[in-house]
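Visitor: Could you take me through the open and closed spaces in this protein, and then the helices that pack against each other? I'd like a close look, in plain bench talk.

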Amino acid sequence: MLVSISNDYKEKPVYERKILGKYLLKDEDPIRTNILLLWRKNADSHYLKKFKNLKSIIRYGTGYDNVDLNYLKEKKIKLYNNPEYCLEEVSDTALSLILSRMRRSKQYDSISKKIMENTKLYKFKNTIDDIERISTKNIGVIGSGKIGKLILKKSSMFFKNVGFYDPNVKSFKSYKKFNNLKDFLKWSDVISINANLNKSNKHLINRKFLKNIKNKSIIINLARFEFIENLSLVFDSIKSGKIDYFAIDLEMRDIINQKKLILKYLKLYPDNLSVHPHSSFYSKQSYIEMRANTAEKALRLINNKKVNSRINL
């Protein structure tokens, strides 16, 4: 079996070559490829149908909303993702954003700057009145996969009350389980979204969702932009005070498509909004792990060994 990498992959395949050796083709070859390592390419039927002998696709990342599952089913092509490589990075990013906002790190920088610029007129209040103790608040996680579980675990070091909503999971001993999304939203002061995008949860953050959240909620979405039905509604909720802080990790295409709206609200509400350029997964170590893990999955398939992260059963 031979492996190729989708042609939008810009890195030199150093780690892939080291692991796969002779099985890795030099370029994307639609005739000889049996296993495709898929970067961010939109793998729709138009793209995939040129591969005449394709048996399996392995995504470099965790998400697979860029893959036409119906086409794979029709052609009996197996799909695998790579959910193991950035657990520490994404969970650390989520917690760092939450803690930074709850302790008002960004605002205190601004206060200190004003004090330094006006030392003769020291009339600035040096504390922020609405800061509350973190342990008194409730944190809820949507999606309890590998990253969600790690956020639950790490959150319990700061929050006394930790809960989750995931229709696909029965329960965890240490964390409060919600079977109803409305109840979950009304309970949570902080919400972290860490689910894989699918048809049932697309546009999860909609008008009804925003109506049911608590006033001054903190929402962290490091998953997919498509969880949001309408970004204007989110920003209106920041404006009204319904959302105290909103952080999102966006693909570059989404930043470009939404740039006017995002720039407007970053200027208006710099303390209440954070936008990351699809970077929460990254560290030097995780980037290497991502590439090596993907190649190792391909090698296991070549050697007829089990690969656990199959998506389409």
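Guide: Here is a walk through the pockets, the cavity and two helix pairs. Keep in mind that this is a predicted model.

Let's start with the largest pocket. It holds about 1100 Å³ of space, and 47 residues line it. If you want to find its middle on your screen, go to T62, N194, A195, N196 and L197, which lie nearest the centre. As for the chemistry of that lining, 22 residues are nonpolar, 16 are polar and nine are charged. Two elements, α4 and α6, each give two or more residues to the lining. The largest share comes from α6, with four residues.

Those two helices also touch each other, so to speak, and the pair deserves a look. Helix α4 covers residues 87-102 and helix α6 covers residues 146-155. Their axes come within 9 Å and cross at roughly 50 degrees. Because of that angle, α4 counts as oblique to α6. The crossing itself is right-handed. On the α4 side, the contact uses L87, E88, V90, S91, D92, A94 and L95. On the α6 side, K146, I147, L150, I151, K154 and S155 do the touching. Sort the residues of this contact by class and you get seven nonpolar, two polar and four charged.

Now go to the second largest pocket. About 480 Å³ of space lies in there, with a lining of 13 residues. Y64, V67, L69, N198 and K199 are the ones nearest its centre. Its lining splits into five nonpolar, three polar and five charged residues.

Next comes the closed space. The count comes to one cavity of 30 Å³ or more, and the space inside is about 70 Å³. Its lining is made of W39, R40, R59, D65, N66, R224, E251 and R253. By class, six of these lining residues are charged, one is polar and one is nonpolar. From the names you can pick out the charged ones, including R40, D65 and E251.

One more helix pair is left, further along the chain. Helix α9 (residues 231-240) and helix α11 (residues 259-268) have axes that come within 11 Å and cross at roughly 5 degrees. With an angle like that, α9 is roughly parallel to α11. From α9, the residues in the contact are L231, S232, F235 and D236. They meet L261, I262 and Y265 of α11. This contact has five nonpolar residues, one polar and one charged.

To set the two pairs side by side on your screen: α4 and α6 cross at roughly 50 degrees, while α9 and α11 cross at roughly 5 degrees. If you only have time for one stop, try α6, which lines the largest pocket and also contacts α4 through residues such as I147 and L150.

Conventions:
Residues are numbered from 1 along each chain as its sequence is written. This is a predicted model: local features need pLDDT of at least 70, side-chain atom pairs count only at pLDDT 80 or more; totals for chains, interfaces and linings use all residues. Side-chain values use heavy atoms; hydrogens and water are left out. On a 1 Å grid over the protein atoms alone, a cavity is a set of points where a 1.4 Å probe fits but cannot get out, and a pocket is an open set with protein on both sides within 12 Å along at least five of seven lines; lining residues have an atom within 4 Å of a point. Grid points are joined across faces, edges and corners, and a volume is the space filled by probe spheres set on the points. Axes are lines fitted to C-alpha atoms, for helices over the stretch in contact, and angles run from 0 to 180 degrees between N-to-C directions. Angles under 35 degrees count as roughly parallel, over 145 as roughly antiparallel, 65 to 115 as roughly perpendicular and the rest as oblique. A crossing is left-handed if the near helix is turned anticlockwise from the far one by less than a right angle, and right-handed if clockwise. Contact means heavy atoms within 4.5 Å.
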